[in-house]
Amino acid sequence: MSVRIGILTGGGDCPGLNAVIRAVVRTTIQVHGGRVFGIRKGWSGLISGEVQEMLLHTVSGILPKGGTILGTSRTNPFKVPEGLSKIQENFKDFRLDALVAVGGEDTLGVADKLHHHGIPVVGVPKTIDNDLLGTDFTFGFDTAVNIAADAIDRLHTTAESHNRVIVVEVMGRHAGWIAVHAGIAGGADVVLIPEVPIDVGEVCEVIRQRHKKGKDFSIVVVAEGAKFMEGSGANGEMIVQDEKLDAFGHVRLGGIGSVLAQVIEKRTGFETRYSVLGHIQRGGTPTAFDRVLATRFGVAAVDLVVKKEFGKMVSLHGNRIRAIPLAEAVSGQKTVDMELYDIAKIFFG
Ligand code: F6P
């Protein structure tokens with residue numbers, strides 16, 4: 001009997017999601033003679049039963065497209081009344097043999113719990129933040145870094161022409177991966193990450209020293225989750241746009257760029273502006289690297305389903321695709337490798 005796979009994308013959208021969907025659909029149909037059912041809007045679609053069969057033509061032309069043709073949401077079924085039982089019922093009603101859940105720590109955390117409730121599930125790691133444990137890279141990250149590096153290049157133009165300091169706020173939630181990679185690639189003069197509290201005095205000193213050397217412009221990259229050092233004005237708190245928690249307990253980050261720019265201008269006297277890249281980093285066409293990684297992940301996920309290796313997540317180790325337990329991937333967060341941050345620091349100033 002041919003395998004019937006359900007697929008959903010959960011959490012924030014991310015370049016490369018469509019490449020995974022296409023890979024899962026084409027591998028299942030063409031290689032295994034199976035059938036794929038697309039679940040709309042993440043876990044919400046599996047609760048409400050928004051499920052539709054996907055055919056080869058459904059995924060035609062989607063490889064270079066950003067976002068997800070399935071739609072997504074930050075729905076947590078364990079916070080929805082009867083969420084679990086509805087998922088179990090729909091899984092049975094649509095006669096699914098397995099579920100491929102494509103997402104970050106939240107979506108895969110739910111996938112792991114569902115696995116323990118008897119749903120045969122396989123995870124595919126996605127997030128521009130690159131903060132999932134157990135995989136060297138998640139797809140979407142490379143695209144976000146390229147967009148941020150390109151933005152830094154463009155902001156250099158104005159910084160240099162107007163002798164300004166420009167603070168560039170990038171995403172990444174509690175991990176500074178985007179900031180460090182984009183900062184190194186874009187030649188940032190300071191890179192600030194959530195893993196290392198911001199010492200404003202030190203930042204201002206780096207900028208002053210640059211001016212003394214005749215470099216009267218600076219680019220400061222700051223990750224949205226970076227915090228000021230205790231006693232430096234903001235008492236070690238994160239700057240948030242909205243304190244209200246979402247279904248997975250996250251606040252909405254954002255605003256550190258503007259606060260930091262004001263502090264730098266006040267302390268150094270140099271004109272300082274800021275730019276928040278926001279969702280631009282998640283938008284548009286995925287890089288070739290992300291398309292290839294997403295495709296390899298999609299093919300590997302179907303392979304796990306066919307071998308009935310459930311409760312696992314596909315992952316990248318070096319240049320090899322491997323499967324690791326979902327539980328391992330969601331057991332913590334992969335924060336920035338300090339050896340890499342030390343490399344970025346060589347170029348501060
Ligand atoms: O996890 C990806 C991410 O883009 C984070 O970098 C950011 O903090 C968050 O999602 C923003 O989420 P939303 O689009 O729901 O505001």
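**Chatting through a predicted model**

Biologist: What is the strand order in the open sheet of 4 strands?

Modeller: The order is S7-S8-S6-S11, and the pairing is parallel. Two strands count as paired if DSSP finds at least two bridges between them. Strands are DSSP runs of E with at least two residues, helices are runs of H or I with at least four, and both are numbered from the N terminus.

Biologist: Anything I should know before I trust the details?

Modeller: This is a predicted model, so local features need pLDDT of at least 70, side-chain atom pairs count only at pLDDT 80 or more, and totals for chains, interfaces and linings use all residues. Residues are numbered from 1 along each chain as its sequence is written, and side-chain values use heavy atoms, with hydrogens and water left out.

Biologist: Ok, back to the sheet. Which strands are at the edges?

Modeller: Strand S7 (190–192) and strand S11 (272–276), as each pairs on one side only. From one strand to the next, the twist averages 20°. Axes here are lines fitted to C-alpha atoms, for helices over the stretch in contact, and angles run from 0 to 180 degrees between N-to-C directions.

Biologist: How many bridges join S7 to S8?

Modeller: There are 3, and S8 covers residues 218–223. Val190 has Val220 in S8 as its bridge partner.

Biologist: Which helix lies across S6, S8 and S11?

Modeller: Helix H5 (residues 141–162) does, running at about 145° to S8. S6 spans 165–170.

Biologist: New topic. Which residues touch the most other members in the largest nonpolar core?

Modeller: Ile7, Val100, Val124, Phe139 and Ile219, out of 61 residues. A nonpolar core is a set of buried Ala, Val, Leu, Ile, Met, Phe, Trp, Tyr and Cys residues joined through side-chain atoms within 4.5 Å. Buried means under 20% relative accessible area, exposed means over 50%, and partly exposed is in between (1.4 Å probe, protein chains only). This core draws at least three residues from each of domain 1 (4–139 + 286–329) and domain 2 (143–282). Those bounds come from an automatic or database domain assignment.

Biologist: And what does Ile7 touch?

Modeller: Leaving out residues up to four places away in sequence, its contacts include Ile21, Val36, Met54, Leu70 and Val102. Contact means heavy atoms within 4.5 Å. Apart from that core lies another of 24 residues, with Val110 and Leu326 among them.

Biologist: What separates the centres of domain 1 and domain 2?

Modeller: 33 Å, taken over C-alpha atoms. The contact takes 19 residues from domain 1 and 16 residues from domain 2.

Biologist: How many aromatic pairs does the structure hold?

Modeller: It holds 4. One of them is Phe137 with Phe141, which is stacked at 5.9 Å centre to centre, with 20° between the planes. Rings of Phe, Tyr and Trp (its six-membered ring) pair if their centres lie within 6.5 Å; planes under 30 degrees apart are stacked, over 60 edge-to-face, and the rest tilted. Ring pairs also link Phe137, Phe141 and Phe289 into a cluster.

Biologist: Is Phe141 buried or exposed?

Modeller: Phe141 is buried at 3% relative accessible area, while Phe137 is partly exposed at 28%.

Biologist: Last one. What is the phi of Arg95?

Modeller: About 50°, so positive although Arg95 is not a glycine. Most residues other than glycine have a negative phi. Arg95 sits in the loop between helix H3 (83–93) and strand S4 (98–103), and is exposed at 54% relative accessibility. Arg173 has a positive phi near 50° too, but is buried at 16%.
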